[in-house]
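The following exercises are to be worked through with the sequence and the structure at hand. Each task is followed by its solution.

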Amino acid sequence: MKETRLGEFEEVILLLVGILGEEAYSFKISEEFKEQTKRNVSIGAVHSTLTRLEEKGFLKSAMGQSTAERGGRRKRIYTITASGRQVLEQAKDFRTSLWQQFPGFAVDMVGLNFVLR
Amino acid sequence: VSTKPTSPPRLAQKFLLWFVREELAEEVLGDLEEQFYRKLTSKSPARAKLIYWYQVLHYLRPFAITKSSFSHSNHTTMFRHNLLLSYRNILRHKSSFIINLVGLTTALTCALLIFLWIRDEVAINKFHTNDARMLQIIEHSQLASGITSLNSTPDFLAENMVADFPEIEAATGITPSGWFGFFTLKSEDKFYKATGQFAGSDFFKIFSYPLISGSKESILSDKLGVAISEDLAYKIFNTSENVIGKSIRVEVQGLSDIVSVTGVFENVPSQSTEKFDFILSWELWYEWSDRVGRNINWGNHGPETIVLLNETADPKQFSSKIHNYIKSKDENSHITMSAVPYSSLYLYNKFENGIQEGGRLVNIWLFGIIALFIMAVACINFMNLTTARAATRLKEVGVKKALGASKGNLVGQYLTESMLISLLAMLLSVALVAILAPIFGSITDKKLGLPLDSTFWLIILVVCIGTGLLAGSYPAVYLSRIKTLLAIKGGKLQASWSEIWVRKGLVVFQFTISMVLIVGVIVVYQQLDFIQSKGLGYEKENVIYFDKEGKTVDNLDAFLTEIRKLPGVMAASATQNIILGSNNSTVGLGWIGKNPEDLIRFEVLTVDYDLLPTLGIKLANGRDYNRAFAEEKSKIIFNEAAIKAMGLENPVGEQVDFWGEKREVIGVVENFHFETLHQAVNPLVIQLNPSNTMKIVVKIAPNATRSTLEAIEQTHDAFNPGYALNVHFLDQDYQKQYQAEQLISTLSAYFAGIAILISCLGLFGLASFTTARRTKEIGIRKILGAGKWRIIYMLTMDFTVMVVVAIVIAIPLSYFISTSWLQNFAYAISLSWWVFLAAAATGLLIAWTTMYLQTSKAASINPADCLRAE
């Protein structure tokens, strides 16, 4: 049976795929990751996570267009599946419920930081 | 400017394509390339390439790696399987694994340390670029007692040979720095002690001692020039730059001159046998020789001569060409010459009948063989423990064979196991060597460390694989030969006779080696003890000596009188050289009845009054030099060996001819060992000539050493301001003569200990194994009434027989080895039977103790425990 829980790094990657839309392929995602979190990550690490998320059924992928800057090679574009969306919702709800139990804090998602492994 | 567009590193791409799964290749390469060109816009091409490599390496993840090249191959599956089984086996038999690992690690560490030592020893004096063309001149003289070979040559030999032999490119004379002890240097009213030598202007063209400043050609061409080492430059001038032209006053043994620095050379490396802090010019050597009235002619032999042949000359031919060179210059000479490679003289330092033979080389063989033996002992442990365990692995072998494993598969399995252990042992011992090498170096007086060059690692790898193969081969072949049916039926393994013999033979071999080493340690120790305690004919305890320099040169008598007055000083005198070793010898002696054909070499000791009582040398006949008599300088004293060699009946009162002067024999001293105990006492002449002495010798009362030394130092400092007193102790110098033997003694003790330890480890493992297999038997015997000791006896007997056999083999072997080593000494201990008895007893005792540790446990088990399962 496939593991269906979401790790924190996986959650970020999944969100980034959603944000990037048509441009969601390994290199772009790793760039965006760096942009958003100010942390370095290798393309290989991102690619490996994407593959895992696909295996879990949260993503699906198809080969997209080729461009000259890639030496004419095609890229693999990832899109979020319904269950991917669902699992993101769950993760968010879970956190919100935790925040609500936190004493002295209103529900405020702005300051939320992910602890990345 | 290159216009070639930068592209991603090809090698990285190739590497990626090699391991990455085919279906991923396109997108991955695309992503990486896109990133590469993106990075190029903001970063340098080199940096972008580096990032590319980084990204490629980060693709080494399970999801991306192609399956076919790593996990689908049959071989890799088998290999993994072998590794897994090895791992499980190690876990199951922890004790034998630890025994093997400890044994192999210790042995490898020893072997590596010995290897480092040998490597350093072999490389000594070999670092000169011209090594192959550098020859040292050796002179041979036919004496009545045989051919003597020495490296002393006439002072002007080098320049004469350059003129006479076109094949010589350069040549130099060298006065070894050991001749002078310490020079006293003075610069701006400060005094320094340093070792130095004289050498010809070709010195730096022949030897590769790199220069920091000054030129090879001219550095030693000024008569009043000096080349100094970097260290000395720092010591005197606090810098090694811009010191050329600065002046230093050099002084030794009453001779001095002011010289100016002509260059600085890098400190002499530890792998050079010549040690010197500065070099003076050859012309100055001539002048100083002149000042002391030393004649330079074809009959006077002193300095060493080194020649550099040109590229085309053949050293062997050259050596035979110069055979009669000295005779061609001086018809009266009896000396022949040969030339041997300069660097070979370190290991081959002995001459037999004029031919260069071993010498230090013996030590290399000795330690090399010890290293091999220790390795063999450790490998034998491994073989024994593994084959002994064969029975417990019968089922495993049976099942594998039934499932179709070939002999090769099984061999692979066992070799994997042994390789794994040898690899582990190698890693551990490399770490150990890194820690121990400097310590080992300090014991052996070398600078040793873990070398980082590729040859060393290659050797490590070869030794590691070799050990694994050697240790694992027998068990592998043995186990893979077992019959399938027999194995799977779970039947008892009928150990074949040959197998038992091999195992027993190996134990016997181990113990034989250990026993020989024990005997060796005892014999070397006894001989060294003998050397320390043998009556030498003179007293070396509480005797100090120091250089005669500064004011003490001209006012020797006044100084000695002052010294003698000090409380605690028993006697004081002066001598030309310290009586340890050969320093000065002559054949220029005539007496009535001498056979003119016979050449007898006499050692010459030049002394001041009172040297004999100072050193406790006894007179056999006649009297010592005495101030009460007149014309003492025209008298002479011999030792008994000289009288015997000359064949004089009543020597006292006879006239002899010494260096062309008539001398009256006034006394004969008893033989004393002025050379090492390797040689018999040679003929000796003692002549009186206070102004030619160079060292002041003082005998101190036994109980007042410290206060007397302080008093002597105060007197010296008051008498000789500026000159630092550098005191030597005669007994310490005496010890130094036997450094090689001390080294052998220390090291063989260590290595014998280690060999015995490893042998015992093996015995322990074997004993634990046999007792484990016989627990049921022990249980039954105990029920039937056998006592604890009866059972221990039963279990021990088997091994005892092997140890006894080892003793029987080891005794004649060790007798032979010790006798041949003792032949190096003219004065040696006689081997007594108890040495062998002690070694045998030690061996047996150690073996028994080891086995007792194991068997006593087995013998005291409760029979109910081991029989219940039945």
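**Exercise 1.** Does Asn238(B) count as buried or exposed?

*Solution.* The model is predicted, with local features needing pLDDT of at least 70, side-chain atom pairs counting only at pLDDT 80 or more, and totals for chains, interfaces and linings using all residues. Residues are numbered from 1 along each chain as its sequence is written, chains are lettered from A and ligands numbered from 1 in the order in which they are written, and side-chain values use heavy atoms, without hydrogens and water. Buried means under 20% relative accessible area, exposed over 50%, and partly exposed in between (1.4 Å probe, protein chains only). At 66% relative accessibility, Asn238(B) is therefore exposed.

**Exercise 2.** Describe the backbone and location of Asn238(B) and Asn242(B).

*Solution.* Asn238(B) is not a glycine, yet its phi is positive, near 65°. Asn238(B) sits in the loop between helix 8 (230-237) and strand 9 (247-252) of chain B. Helices (H or I, at least four residues) and strands (E, at least two) are DSSP runs, numbered from the N terminus. For Asn242(B), also not a glycine, phi is positive at about 55°. Asn242(B) is placed in the loop between helix 8 and strand 9 of chain B, and its relative accessible area of 72% makes it exposed.

**Exercise 3.** Summarise the architecture of chain A.

*Solution.* Chain A holds four helices and two strands. Along the sequence, their pattern is α-α-α-β-β-α. Of the 117 residues in chain A, 42% are buried.
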